Amino acid sequence: MLLLVLTGLAWMVQIMSMLKFLLSYGVALSNFLGLTVLMLPFIVSIIIPFVTFIAVIFVYNKLIADNEITVMASVGLSPRQLARPALKLAAVLTVLHFALNIWAVPVSQARFYSTQWNLRYGLAHMKLQEGAFTPLADGLVVYVDKVSGHDLSQVMLSDMRDKKSPLTIFAEKGKLVSTARGLSIVMNNGALQARNNGAMTTGTFDAFDMDLNLTDRGDDIGFKVRRVPTLELVKTVLNAPTEKQHKQVLSELCTRFLSPIMNLVLAALCTLVLLRSSLLRRRASFAPAMAVLAMAVTMAGFMSASNMVTSFTDFVVLAGVQMLVLGGILIALCKK
């Protein structure tokens, strides 16, 4: 229930943050909602450890308040046995978290960036109005007499993005085409007028293919590590082209392979604090606060350490420390 509620809230926040994208690019509402849905696996992968901790602390604190933990302990159940249901839940969520991190998140993130690019720069967002001048970019204006799908009639294009080389094109027909470079317009039976270093050039053409260059190249080429498949990401550790990308890859590997184990760490830590405090002669009312503080310190330490990993050795050391912490907590639970 917590997972569904918190995921829904995070999804609504994501929708609100992307409303500018909806309004600026004239994207259909269904396409916009489909785009935001692709963020759900990533959102779930972030909140699962916190959901695990909240669920465990809520249930066990209620058991303590109703004296059920005291009764079960009095009939011989050890802290390890009392903590077993929480650890089983954490183990199930850990498997789910691994599946999300290793497969679902990279696939959905790759689809998200691809869909976002198409909605921004592809044919999906291009809606030219008949008999009107439509600005496609700063200095790029298109006039179309008639529009039928992606087929255009009586096209006039003015490209003033390069002040030293302005270009004006007239064509009887045109067609919008999506290519690997971005959006292009193919025009037929027309004339063009261009100026280069003060010299005017005019001519006619039967066919003219013009790359509109609407894409923000830097944003598209940027290395987005979350959308890289896991197997390829592991290979990238050995041949990352830059030091910055090498560090990004290692940090992402920590997220994919080590963050799911935090479900077990947090569940074990929470049960350790609550169960040990409940068995004191005087009930420790500060136990939930202590558990929350321990969770905050543990998560902050893990996130800080994962961001500071700069080599594969650091990755192995962090994984070892994480397993030692988990093992220490489980040993403490097993003590009578």
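## Exercises on a predicted model

Leu-258 sits in the loop that joins H9 and H10 (helices, H or I with at least four residues, and strands, E with at least two, are DSSP runs numbered from the N terminus). Before we start: this is a predicted model, where local features need pLDDT of at least 70, side-chain atom pairs count only at pLDDT 80 or more, and totals for chains, interfaces and linings use all residues. Residues are numbered from 1 along each chain as its sequence is written, and side-chain values use heavy atoms, with hydrogens and water left out.

**Exercise 1. Work out whether Leu-258 is buried or exposed, and find what it touches.**

Start with accessibility. Leu-258 has 5% relative accessibility, so it counts as buried (buried is under 20% relative accessible area, exposed over 50%, partly exposed in between, with a 1.4 Å probe and protein chains only).

Next, list the contacts (heavy atoms within 4.5 Å). Skipping residues up to four places away in sequence, Leu-258 touches Leu-253, Phe-302, Phe-315, Leu-318, Ala-319 and Gln-322. Now look at H12: its buried residues include Phe-315, Leu-318, Ala-319 and Gln-322.

Finally, check a long-range pair. Leu-258 and Asn-101 are 157 residues apart in sequence, with C-alpha atoms 10.0 Å apart in space.

**Exercise 2. Find the largest nonpolar core and say which helix gives the most to it.**

A nonpolar core is a set of buried Ala, Val, Leu, Ile, Met, Phe, Trp, Tyr and Cys residues joined through side-chain atoms within 4.5 Å. The largest one has 43 residues, and those with the most contacts inside it are Phe-53, Tyr-60, Ile-69, Leu-253, Leu-258, Leu-274 and Leu-275.

Then go helix by helix. Those that each supply at least two residues of this core are H4 (40-65), H6 (79-121), H8 (230-239), H9 (243-257), H10 (261-278), H11 (287-307) and H12 (312-334). H10 gives the most, with 11 residues.

For a close-up, pick Leu-274. Leaving out neighbours within four places in sequence, Leu-274 is in contact with Ile-57, Tyr-60, Asn-61, Ile-64, Ala-287 and Pro-288. There's also a second, separate core of 19 residues, including Leu-35, Ile-43, Leu-100 and Leu-119.

**Exercise 3. Check the span of H10, then look at Thr-271 inside this helix.**

The expected span is 1.5 Å times one less than the number of residues. H10 has 18 residues, so it should span 26 Å, and its end C-alpha atoms are indeed 26 Å apart. H12 passes too: 23 residues should span 33 Å, and its end C-alpha atoms are 33 Å apart.

How covered is H10? 15 of its 18 residues are buried. Thr-271 lies in this helix and, at 0% relative accessibility, counts as buried.

Now for its surroundings. Beyond its neighbours within four places in sequence, Thr-271 is in contact with Val-56, Tyr-60, Ala-83, Ala-86, Arg-276 and Leu-333. The C-alpha atoms of Thr-271 and Arg-84 are separated by 9.3 Å, though these residues are 187 apart along the chain. The side chain of Thr-271 also reaches the backbone oxygen of Ala-268 at 2.9 Å.

**Exercise 4. Sort two aromatic pairs by geometry, then find a charge over a ring.**

Rings of Phe, Tyr and Trp (its six-membered ring) pair if their centres lie within 6.5 Å; planes under 30 degrees apart count as stacked, over 60 as edge-to-face and the rest as tilted. The structure holds 4 such pairs. Take Phe-112 and Tyr-113: their ring centres are 5.4 Å apart with planes at 75°, so this pair is edge-to-face. Both Phe-112 and Tyr-113 are buried.

Phe-205 and Phe-208 form a tilted pair, at 5.4 Å centre to centre with 40° between the planes. Phe-205 is buried at 11% relative accessibility, while Phe-208 is partly exposed at 24%.

As for the charge, the test is NZ of Lys or CZ of Arg within 6 Å of the ring centre and within 35 degrees of the ring normal. The charged end of Arg-226 sits over the ring of Phe-42, 4.1 Å from its centre. Gln-109 in helix H6 has both Phe-42 and Arg-226 among its contacts, and Gln-109 is buried at 0% relative accessibility.

Conventions: Polar contact = N/O pair within 3.5 Å; in protein donor to acceptor, adjacent residues only side chain to side chain.
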